[in-house]
Amino acid sequence: MQTILLFLALFCVPKICISQIIKPTRFNLDSLHNPTNRTDYKYIRVVENYDNDPKLFIFTEYYRSEKICMKAISTNKDKPNFVGPRFDYYENGNKKQQSNYVDNKLNGLQIDWYDNNVKKSEKEITWDSKNKDYTIRILQYYNPEGTQTLIDGNGECELSDDKIFEKGKLKNGKKQGVWEGKDLIGKFSFTEIYNDGIFVSGISSDENNTKYPYKELMMKPTPEKGMADFYRHIARNFRTPKVQGLQGKIYITFVVDKEGNLTDYKILRDIGYQTGAEGIKAIASYGKWIPGKTRGVPAKVLYSIPIAVKTTSGNFQNQGPSDESEILRNTNPNW
């Protein structure tokens with residue numbers, strides 16, 4: 001019943017032209033959908049119901065072309081905290097994905113379409129709160145021509161997006177046996193073994209035919225002395241401006257490259273007084289990290305870190321990486 005009501009709330013809100021949206025309810029977003037003050041933003045977020053309902057907010061995101069990208073319901077007006085249905089769209093206007101959220105976690109049936117409006121797949125997704133991971137069963141799959149090759153979770157399946165291609169067999173909606181694929185970003189191929197949907201082991205081969213055996217699909221990059229040490233370093237080295245009452249958050253992204261170097265710093269948002277530049281300076285002074293790996297192959301990983309500043313109490317706070325950390329994934333978590 002609640003999902004039905006949220007569905008109606010999502011589509012019964014009057015449409016508003018972007019040009020009529022006042023600044024407090026319109027936010028420019030970067031490629032990671034983080035708020036940014038940069039002029040080369042990629043998306044636009046419009047938040048409705050600021051004055052109508054203090055507990056329910058409609059999030060609508062647009063491509064820079066002003067074509068709709070996503071629409072969902074959030075219980076937080078400042079950042080996505082989704083509940084109920086979410087709809088994603090291709091820039092050509094066709095529906096891309098329909099999913100459902102409970103407490104900001106995917107839960108229930110997820111349907112995907114190709115950009116030509118042909119149905120691609122149906123998946124059943126549940127959140128395992130104990131292991132903090134998703135359990136995903138692929139129920140139906142159709143190739144781009146519309147031919148169904150997976151029926152009720154059994155059969156062969158080819159899965160692909162702009163990052164990865166893989167194919168193999170499923171049994172009762174779970175990967176079974178040998179799966180083969182290609183990482184389109186890292187430019188390497190891989191072969192993996194699954195048992196009842198559980199990854200067992202794999203081996204990757206790069207363009208030079210170098211082999212990389214692995215037991216984990218992804219290994220996150222980490223500071224050489226651990227994350228706690230990294231946070232303490234920022235707290236010690238960030239120089240808070242001596243401005244009475246200055247308060248807010250700084251959002252900074254950086255890339256951990258294949259050698260563990262921190263590069264490509266970007267200030268998504270700061271609170272003035274060179275706080276963004278000071279945040280980059282504090283992060284950069286830490287030194288190298290242990291690089292991350294995707295399917296055993298060293299990979300670039302993008303982090304997004306918020307830094308909270310409050311001068312009224314004369315202290316500095318850090319909050320660690322946001323949920324959008326490790327954005328450059330070379331595997332689709334929904335698979």
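1. In this note, a residue is called buried when its relative accessible area is under 20%, exposed when the value is over 50%, and partly exposed in between. The structure discussed here is a predicted model. With a relative accessible area of 54%, Lys187 is therefore exposed. Lys187 sits in the loop between β14 (174-183) and β15. Its backbone deserves attention, since Lys187 has a positive phi of about 60 degrees although it is not a glycine.

2. Asn104 presents a positive phi as well, near 65 degrees, and is likewise a residue other than glycine. Asn104 belongs to the loop between β6 and β7 (105-106). How accessible is Asn104? Its relative accessible area is 25%, so Asn104 counts as partly exposed.

3. Salt bridges form the next topic. Side chains of opposite charge can pair when their charged atoms come close. The count for this model comes to 10 salt bridges. Three of them are described in points 4 to 6, among them the pair Glu192 and Arg295.

4. The side chains of Glu192 and Arg295 form a salt bridge with an N to O distance of 2.4 Å. Glu192 is in strand β15, whereas Arg295 is in the loop between β23 (292-294) and β24 (297-299), so this pair ties together parts that are 103 residues apart in sequence. Are the two partners buried or exposed? Glu192 has a relative accessibility of 0% and is therefore buried. Arg295 is buried too, because its relative accessible area is 1%.

5. A salt bridge also joins the side chains of Glu278 and Arg239, at 3.6 Å from N to O. This pair links distant parts of the chain: Glu278 lies in helix α3 (residues 275-284) and Arg239 in the loop between α2 and β20 (247-256), 39 residues apart. The surroundings of the partners may be set side by side. Glu278 counts as buried at 10% relative accessibility, whereas Arg239 is exposed at 56%.

6. Lys77 and Asp78 supply a further salt bridge, in which the closest N and O atoms are 3.4 Å apart. Asp78 has a relative accessibility of 53% and so counts as exposed. Lys77, at 32%, counts as partly exposed.

7. Polar contacts are illustrated by Gln97, a residue of strand β6. The side chain of Gln97 makes a polar contact of 3.5 Å with the side chain of Gln110. A polar contact of 2.7 Å joins the side chain of Gln97 to that of Asp112. Gln97 is buried, because its relative accessible area is 17%.

8. Asn92 offers an example within a loop, the one between β5 (82-89) and β6 (95-102). A polar atom of the Asn92 side chain lies 2.9 Å from the backbone nitrogen of Asn94. Asn92 may also be placed relative to Asn116: the two residues are 24 residues apart along the chain, and their C-alpha atoms are separated by 9.1 Å.

9. Another loop residue is Leu32, located between β1 (26-29) and β2 (43-48). Leu32 has a relative accessible area of 13%, so it is buried. The C-alpha atoms of Leu32 and Tyr43 are separated by 9.2 Å, with these positions 11 residues apart in the numbering along the chain.

10. Which residues of helix α2 (residues 227-237) are buried? They are Asp229, Phe230, His233 and Ile234. These residues cover an arc of only 140 degrees around the axis, which means that they lie on the same side of α2.

11. The surface has a nonpolar patch formed by Val178, Ile193 and Val200, with about 240 Å² of accessible area together. Ile193 is found in strand β15 (residues 188-195). Ile193 counts as partly exposed because its relative accessibility is 41%.

12. The last point concerns cysteines. A disulfide is a covalent bond between the sulfur atoms of two cysteines. How many disulfides does a search of the whole structure find? The search finds 0. Cys69 counts as buried, because its relative accessibility is 7%. Cys157, with a relative accessible area of 2%, is therefore buried as well.

Definitions and conventions
Residues numbered from 1 in each chain as written. Predicted model: local features only at pLDDT ≥ 70, side-chain atom pairs only at ≥ 80, totals over all residues. Heavy atoms only, no water. Helix = DSSP H or I, 4+ residues; strand = E, 2+ residues; numbered from the N terminus. Polar contact = N/O pair within 3.5 Å; in protein donor to acceptor, adjacent residues only side chain to side chain. Buried < 20%, exposed > 50% of the residue type's maximum accessible area, 1.4 Å probe, protein only. Arc of directions from axis to C-beta. Patch = residues over 30% accessible without salt bridge, like charges linked within 9 Å, V, L, I, M, F, W, Y side chains within 5 Å. Areas by Shrake-Rupley, 256 points an atom, 1.4 Å probe, with all protein chains shown as cover. Disulfide = S-S within 2.5 Å.
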